[in-house]
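Hi,

Here is the structure I promised to pass on. Have a look at it first, and then read on for what turned up in it.

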Amino acid sequence: MAFSMEERLQLGIHGLLPPCFISQDVQLLRVLKNYDMKKDDLDRYVFLMGLQDRNEKLFYRLISSDVERFMPIIYTPTVGLACQQYGLIFRRPRGLFITIHDGGHIASILQNWPEKDIKAVCVTDGERILGLGDLGCHGMGIPVGKLALYTACGGMPPQQCLPVMLDVGTDNEVRTDFQSTGILHKKHINPKPYGMDCLIQFEDFANVNAFRLLSKYRNKYCTFNDDIQGTAAVAVAGLLAALRITKSKMCDHTIVFQGAGEAAMGIAELITMSMEKEGLSKEESLKKIWMVDSKGLIVKGRDHLTHEKERFAHSHSQMKNLEDVVRELRPTAIIGVAAVPGAFSEQIIKDMASFNERPIIFALSNPTSKAECTAEQCYKLTEGRAIFASGSPFDPVTLPDGKTLYPGQGRLCSLSVFQYRLRRLYGGHVPLAGGLHGCAVM
């Protein structure tokens, strides 16, 4: 409807459109009106994805007009629900699907992609989608949503972005569900990265593959693992921001992690690097970090510890309960990255407030339903003293004294790492994101 009469005549579409000429500004108002009529977030997600398919310029005009409003719809937390319902809401494919059966033919599949100048690839095998587990092919919503943010917030041309799904099956019940859109057998593990001369972002791989692939390729290609490195970059940025409030140094803190997977390991490694910069030795830095997994506190001598976990195992009696760990170790900060909803109980939050003037509490698990605690719980149980960040957005919280606190979202990870990596490819000419913050603590 925005085509002028001259354009309609040149394209041979005069008479095939209503006679009115509608500018993009008016189209934007119409889209917003339709958007407001949707009854829930999943409907809003489907509406926005439909807009992206039929009018990409208008889609990005809409998203960039109010990033904070639309980001929770096209990414966390709504994208998690969209992935769970992927088979029902599927309209048309977006991205490249490579299966376990395509070995030896991947080059020909890549030739089928219509755009040849690809600068950024976001690839997943769907095995660890947010805190939802193995969704297989249905995890495609993650790289699609992440790359949409790169365009809307990072200035990346959409035609140079490629979402990739490595469909190697799934062990989830979705494999036999009538909603399934992926291959129908149990997961085989043998993913290979795509490309050599563009940014490759690994997204939501399971631990065993995430660490292996990162170690193998990090020094060969322009690549990063979002869950290990991206989350770490923003979480530690949040901790550094918290240090300005507590007027302390990183090495002054004792940190307990709820979870010992990719995110925890990545954050912990970057914390130790920060402590070393302050003059602490590597060994002393590691002693400042404690981790709790599904079997309890990670200590020396415990059975079935992976190589990554052994680095953070300390001499201590075994403890099963997170409440007991917090009471025993008296940490200054707790970070939740295990997707165990409610893991930060009322007792834990109160204990943190009892031995810290400004307790640092990061409930980083996604989506919102998997958060270790809510912003309201954290702020009210600590009387507004906590320094809080979450993985998915929470609404502002008004305390009984009338003070309103605005929780920061501390897991907008890969955008910052993406921009750093991409500037290397473009020679430093990629625009910085506007309006985004990694972990704004109040």
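Let me start with the inside: the largest cavity has a volume of about 250 Å³. A cavity here is a set of points on a 1 Å grid over the protein atoms alone where a 1.4 Å probe fits but cannot get out, and lining residues have an atom within 4 Å of a point. Grid points are joined across faces, edges and corners, and the volume is the space filled by probe spheres set on the points. Of the 15 residues lining this cavity, Tyr45, Met49, Tyr86, Arg91 and Arg92 are the closest to its centre. The elements giving two or more residues to the lining are α3 (41-54), α7 (86-89) and α9 (141-154), and the largest share, 6 residues, comes from α3. By type, the lining divides into 8 nonpolar, 3 polar and 4 charged residues. In that split, Ala, Val, Leu, Ile, Met, Phe, Trp, Tyr, Cys and Pro count as nonpolar, Asp, Glu, Lys and Arg as charged, and the others, Gly among them, as polar. The whole structure has 3 cavities of 30 Å³ or more.

Before you go further, a word on the source. This is a predicted model, where local features need pLDDT of at least 70, side-chain atom pairs count only at pLDDT 80 or more, and totals for chains, interfaces and linings use all residues. Residues are numbered from 1 along each chain as its sequence is written, and side-chain values use heavy atoms, with hydrogens and water left out.

Now the overall picture. The chain has 18 helices and 14 strands; both are DSSP runs numbered from the N terminus, helices being H or I over at least four residues and strands E over at least two. Of its 442 residues, 54% count as buried, that is, under 20% relative accessible area, with exposed meaning over 50% and partly exposed in between (1.4 Å probe, protein chains only). Among contacts (heavy atoms within 4.5 Å) with a separation of 6 or more, 66% are between residues 24 or more positions apart.

One open sheet has 5 strands in the order β1-β3-β2-β4-β5, with parallel pairing; two strands pair if DSSP finds at least two bridges between them. β1 (96-99) and β5 stand at the edges with a single partner strand each, so one side of each has no neighbour in the sheet. Neighbouring strands of this sheet are turned by 20 degrees against each other on average, direction ignored. Angles otherwise run from 0 to 180 degrees between N-to-C directions, with axes fitted to C-alpha atoms, for helices over the stretch in contact. β1 and β3 (161-167) pair over 4 bridges, and Phe97 stands opposite Met165 there. Helix α11 packs on this sheet, touching β4 and β5, at about 80 degrees to β5.

The other open sheet to look at has 7 strands, in the order β8-β7-β6-β9-β10-β11-β14, and its pairing is mixed. Its edges are β8 (296-297) and β14 (408-409), each with a single partner strand, so one side of each is left without a neighbour in the sheet. β7 (289-293) pairs with β8 in the antiparallel sense over 2 bridges, with Val292 opposite Leu297. β10 and β11, by contrast, run parallel and are joined by 4 bridges, one pair of bridge partners being Ile360 and Ile387. From β11, Ile387 and Ala389 point one way and Phe388 and Ser390 the other, and all are buried.

Helix α11 (226-246) turns up again here, lying across β6 (255-258), β9 (333-336), β10 (360-363) and β11 (387-390), at about 155 degrees to β10. Helix α12 (262-277) lies across β6, β7 and β9, at about 175 degrees to β7. Helix α10 (207-217) has Asn209, Ala210, Phe211, Leu213, Leu214 and Tyr217 as its buried residues, and they pack against β4, β5, α11, α12 and α14 (307-310).

Two residues to click on: Gln258, found in β6, is buried, with a relative accessible area of 10%. Beyond its neighbours within four places in sequence, Gln258 has contacts including Val292, Ile335 and Phe344. Ala237 in α11 is partly exposed, at 39%. Its C-alpha lies 9.9 Å from that of Ile271, 34 residues away in sequence.

Cheers

Conventions
1 Å grid on protein atoms, 1.4 Å probe; cavity = no way out; pocket = protein on both sides within 12 Å on 5 of 7 lines; lining within 4 Å.
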